[in-house]
Amino acid sequence: MSESLTAAASRRVARPAPLRQAVYDALVELIISGALKPGQHLVEGELAEQLGVSRQPVREALQRLHTDGWVDLRPAQGAFVHSPSQEEVEELLSVRAVLESYSAQLAAQHADPAGIERLRELQKEGMEAIAADDAERLVAANTALHDHIASLAGNNVLMQLISLVSRRVRWYYTPIAKPRGKDAWTEHAQLVEAIANGDADKASKIMRRHADRTTRLYRTLLRKD
């Protein structure tokens, strides 16, 4: 098992939560962070040891991860981290673009001063992560900013739909967080200003363009692989 996985998994699963859910969440986070890489063979015993649990909840978690598309189960071979195809990445990012363009539009219509101030704080956090060359912090700041825009939209159904794709978007975004870097956060700054100015049409267009550029970069990097 890789050193990065060992380090990431050293945070043992908290017992108060239902164990199967805690193990599931822990494995998803290890996949998103890249500690468990696409195509990597997942060995129940190793995962159980690293997470400090028995094999049973790991086995149950792997079954659910397979159902949810995070893991592939191959007959007579075992479990492997799913390797996303270009098509499924683009489908998800396209859906995200539609949802988040609408959330930016609504956020510009409904954001209050406190909400706008929080957006500025998250924008600053992202710029500091770029300066520190910290990819994990950058992904976290990106997720927090997009989630906060969704919360400012004031539409609970929209927020729930965005949350459904948020984890997988983080997974896809992690490899391109640093290459997107300053360009993405320049776009974020423009987006924050449009929301602060109450310009719903501009906020929606900036968000759509921002999402499209992310998709194009991912497509470019995928071709190189």
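In the predicted model, Asn142 is in contact with Arg96, Tyr173, Trp185 and His188, neighbours within four places in sequence being left aside. Asn142 belongs to helix 7, which covers residues 135-153. The relative accessibility of Asn142 is 4%. Because this value falls under the 20% cut-off, Asn142 counts as buried.

Helix 7 is preceded by a loop that connects it to helix 6 (113-131), and Asp133 is found in this loop. The phi angle of Asp133 is near 55 degrees, a positive value in a residue other than glycine. With a relative accessible area of 51%, Asp133 is exposed, since the class requires a value over 50%. Asn142 in helix 7 and Asp133 in the preceding loop thus fall into opposite classes, the former buried and the latter exposed.

A positive phi is also found at Ala76, where the angle is about 65 degrees although the residue is not a glycine. Ala76 lies in the loop between strand 2 (71-74) and strand 3 (78-81). The relative accessible area of Ala76 is 92%, and the residue is therefore classed as exposed.

As to the overall fold, the protein chain contains 10 helices and three strands. Their order along the sequence is α-α-β-α-α-β-β-α-α-α-α-α-α. Two helices thus precede strand 1, two more separate strand 1 from strand 2, and strand 3 is followed by a run of helices that extends to the end of the pattern. Of the contacts between residues at least 6 apart in sequence, 74% join residues at least 24 apart.

The C-alpha trace spans about 55 × 40 × 35 Å along its principal axes. The radius of gyration of the protein chain is 19 Å, which agrees with the value near 17 Å for a compact globule because the latter is what 225 residues would give. Buried residues account for 44% of the 225 residues.

The protein chain exposes about 11400 Å², of which 50% is supplied by carbon and sulfur atoms. Charged side chains comprise 29 positive and 30 negative groups. The centres of the two sets lie 1 Å apart.

Notes: Residues numbered from 1 in each chain as written. Predicted model: local features only at pLDDT ≥ 70, side-chain atom pairs only at ≥ 80, totals over all residues. Heavy atoms only, no water. Helix = DSSP H or I, 4+ residues; strand = E, 2+ residues; numbered from the N terminus. Rg over C-alpha atoms; globule rule 2.2 N^0.38 Å. Buried < 20%, exposed > 50% of the residue type's maximum accessible area, 1.4 Å probe, protein only. Contact = heavy atoms within 4.5 Å. Areas by Shrake-Rupley, 256 points an atom, 1.4 Å probe, with all protein chains shown as cover. Lys, Arg positive; Asp, Glu negative; His and termini not counted. Charge placed at Lys NZ, Arg CZ, Asp CG, Glu CD.
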